[in-house]
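Me: I am new to this structure and would like to understand the terms used for it. Please set each value against its definition.

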Amino acid sequence: MSILVNKDTKVIVQGFTGKEGSFHAEQCLAYGTKIVGGVTPNKGGTEHLGQPVFNTVKEAVASTGATVSMIFVPPVFVADAVMEAADAGIELAVIITEGAPVRDMQAAKAYATKHNMKTIGPNCPGIITAEECKIGIMPGMIFKKGNVGLISKSGTLTYEGANQVCREGFGISTAVGIGGDPIIGLSYKQLLPMFEADPETHAIVMIGEIGGDLEIQAAAYIKEHITKPVVAFIAGQTAPKGKRMGHAGAIISGGAGTAAEKMAALEAAGVKVVVSPSEIGKAIAEVLKK
Amino acid sequence: MNIHEYQAKQIFAKYGVPTPKGLMAESVEQAVENAKVLGGPVWVVKAQIHAGGRGLGGGVKLARSIEEVEKLSREILGMTLITHQTGPEGKLVQKLYIEDGADIKDELYLGVVLDRAREMPVIMASTEGGMAIEDVAHNTPEKIIKIAVDPAIGFQGFHGRELVFGLGITDSNEQKKLISFASKLYKLYMENDAEMIEINPLVKTGSGEFLALDGKMGFDDSALGRHPDIEAMRDISEEDADEREAGEYGLSYVSLDGEIGCMVNGAGLAMGTMDTINYMGGTPANFLDVGGKANAETVAKGFEIILKNPKVKAIFVNIFGGIVRCDRIANGILEATKLVDVHVPVIVRLDGTNAPEAAEILRNANIANVIAATDLADGAAKAVAAAKQAK
C-alpha cells in the first residue's frame with residue numbers, strides 16, 4: 001500500500017520531448033515508473049525514450065490507459081495542459097513547472113476540480129512511492145521503502161526530511177511535494193486522511209512554510225481526525241515580514257502566515273513540532289519507538 | 001512587482017476608475033509647472049515611493065498656492081521618507097505626484113486581493129478608510145466586508161449589492177457609482193494579472209462622487225511576460241540593488257541583518273537553514289536560493305553578493321542535490337574562489353545527487369578556508385562556531 005501512486009500506475013508525460021521533460025522522464029523510467037507514453041503536439045506517431053508520442057492527451061489516454069499525467073510544459077502553457085488532462089479523464093496531474101501565472105492556476109484548478117481530477121503542484125518536486133513509482137524530479141535513491149508518509153511545500157526539504165528518516169533506519173511510504181505557490185492542488189488537508197487510511201504508513205512528516213494558512217487548516221484537521229503521530233517543521237521562523245522568500249506563496253502579509261502561529265496551532269493539535277529541519281529524523285525515531 | 005501611485009492611477013484611468021487629476025514630477029520646476037496645468041485652488045504634493053504610510057511620514061502635504069507647491073516639493077523631493085513599511089533606513093523620494101485637492105466627505109477602503117483559501121479574488125471594503133487595513137482587521141474585523149468573486153462568473157450584480165449594502169450606502173445614485181467603480185476595479189485586477197490592488201482611501205466627495213485618492217498595485221511576477229506595458233512601469237531604483245542583481249543571475253536573495261551568509265538550493269531549505277543557524281545560536285545574514293540551474297557562474301555571483309555585506313563572518317553552503325548536481329556546486333565553489341576573494345570561512349555541506357563526486361572535487365582542490373560538513377546540523381554548528389571565532 002501507499003497513497004495515490006504505486007508500481008502499477010500508468011503515467012504519461014505532457015511536454016515529453018522537451019529538454020526537462022525528456023531528462024526527468026528518463027530518470028523516472030529508470031526508477032521503475034510505468035511511463036507508457038507522452039504528449040507533444042505535432043510529434044504524434046513518433047517514439048521517444050522507447051514510448052509512443054501522441055498529439056493529444058485524449059489519444060494518449062485512449063491508447064495507453066494512463067491515469068496520471070506528469071506535466072513539464074512551459075509556464076504559460078501549464079493551465080492549458082492541466083485542463084486538457086482533466087478533459088481527457090486523467091485522474092491525477094502532477095505539475096512540475098515553476099512560474100505558472102496565478103490567474104491561470106485559478107482557472108485550471110477550478111476546471112480540474114469540476115472534472116474530479118486531482119492535481120499536485122505546480123512548482124513542486126512531484127510524488128514518489130518509494131521503490132515503486134517516481135513521478136517528478138526528486139533524487140530517487142534517497143527514498144528507501146518504509147512506514148513514514150511525507151508532505152512538503154518545499155522540494156529540497158522533502159529530500160532533507162526523507163534522507164533523515166532513512167538514516168534513522170526508517171523509510172518512506174509515499175512522499176508528496178505539494179509546492180509553494182499561492183494556489184496549489186492537493187494539500188495537507190486532503191493528503192493527511194489518505195495517509196491515515198494507508199495501513200503501510202505509521203507516521204507522517206509535514207513540512208510547511210510561512211504564508212497562507214494551509215498549515216493552520218491542517219492543524220485543525222489533525223486534531224479531529226488523525227490518530228497517527230505527526231512530526232512537523234515550518235520553514236521561515238527567521239524570515240522578515242512582507243518579503244517573498246523564493247516561493248511565490250512564501251510571504252508573511254499583513255502579519256499573517258507566520259511560522260510562529262503555524263507552529264503553535266500544530267502543537268496545540270498534538271503534533272510534534274521541531275524548530276530545525278535537522279531534527280526531523282530524530283523526532284520520527286522518537287514517535288515511532290514509543 | 002509593485003508600481004507607484006501615479007502609475008496605478010494611469011491604469012485606473014484607462015479602465016474608467018475615477019481619480020483626481022494629477023501629474024508626476026521629477027523636479028521642483030516640473031512640480032510647479034504641473035500645479036499650474038492643474039489649476040488648483042488646492043493641490044496635494046505626494047511623495048512617490050513603493051511603501052505605504054507616506055502621509056504619516058510627512059510625504060503627503062496640502063498646498064493652497066503655487067508658492068506652497070514649490071516650497072513643499074522642495075522639502076519632499078530628495079527627502080528620505082521613513083514609514084512603517086520602509087524599515088528604519090527609509091526610502092529616498094525621487095518622484096512627486098501633484099494632484100488636485102478633493103472635497104472629502106467620507107473615506108472608505110476598497111481593495112482586491114487573492115483569497116488563497118478560496119482560490120479566487122476577494123474584494124475587500126471597509127467604512128474605515130484612511131487607516132491601516134491590518135489594524136482595522138485586527139481591532140474591528142466586523143468592519144471589513146469580503147466578497148469573493150469566482151472568475152468563472154465574474155463580477156455580478158449581487159456582488160455589487162453586497163458591497164453597497166455592506167458599506168451602508170443608501171442613495172441609489174451613489175450605489176450605482178460605487179458598484180460601477182468596484183466592477184471596473186475587478187476587471188482591471190483580472191486583466192492585468194494583478195496580485196493586489198489597494199485604494200486607501202477611496203473618498204466620497206461633497207457632490208457624491210467616488211474617487212480613488214490613493215492607489216497601490218502589485219502584480220504577479222510570473223505573468224509579467226504577457227504585460228509589457230506593466231513591465232515597462234518597473235522602477236528599479238525602488239528595489240534592493242543586491243536583490244535585483246541576484247535576480248538577474250537566477251538567484252533569489254533577501255538580505256537580513258545577521259553574520260552568517262547562506263547559499264542554499266531551494267527556498268524551503270534556504271529558510272530551514274536560516275532557522276537552524278538561529279537555533280544553534282547564530283544569526284543568518286541573508287536568504288539565498290541558488291535555484292535548480294546553479295552553475296559555477298551563479299555560485300560565484302552568489303559569493304560576491306553575500307560578501308558585499310561587511311557583517312558576514314562565515315558562509316554556509318548547504319546543498320541537497322535533486323535537480324542541481326552537487327559536483328556542479330563544488331566546481332562553482334572552486335571557480336568562485338578564483339573570481340572572488342573569499343576571505344571568510346566557507347562551510348560546505350553537499351548531499352544528494354553526485355555528492356561523493358563533489359566531496360572528491362573539494363578534497364582534491366584542498367582550499368584553505370573551505371570546511372566540509374557532514375549534514376545540516378553539523379554545517380550550521382560549524383558555521384556558528386566559525387562566525388564566533390572571527391569576532
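Me: Which helices and strands of chain B do the buried residues of H10(B) pack against?

Reply: In this predicted model, they pack against helices H8 (241-248) and H11 (326-339) and strands S13 (252-255), S14 (260-264), S15 (286-289) and S16 (314-321) of chain B, where contact requires C-beta atoms, placed from the backbone, within 7 Å. Local features need pLDDT of at least 70 and side-chain atom pairs 80 or more, while totals for chains, interfaces and linings use all residues; residues are numbered from 1 along each chain as its sequence is written, and chains are lettered from A.

Me: What makes H10 of chain B a helix, and what is its span?

Reply: Helices are DSSP runs of H or I with at least four residues, strands are E runs of at least two, and both are numbered from the N terminus; H10 (residues 296-308) has 13 residues. The expected span is 1.5 Å times one less than the number of residues, which gives 18 Å, and H10 of chain B reaches 19 Å from its first C-alpha to its last, close to that value.

Me: Which residues of H10(B) are called buried?

Reply: Among them are B:Val299, B:Phe303 and B:Ile306, since buried means that 20 or more other C-beta atoms, placed from the backbone, lie within 10 Å of a residue's own (exposed: 12 or fewer; partly exposed: in between). In chain A, 60% of the 290 residues count as buried.

Me: Why does the radius of gyration of chain A agree with a compact globule?

Reply: The globule rule, 2.2 Å times the number of residues to the power 0.38, goes with a radius taken over C-alpha atoms; for 290 residues a compact globule would have a value near 19 Å, and chain A has 18 Å, so the two agree.

Key
Contact = placed C-beta atoms within 7 Å.
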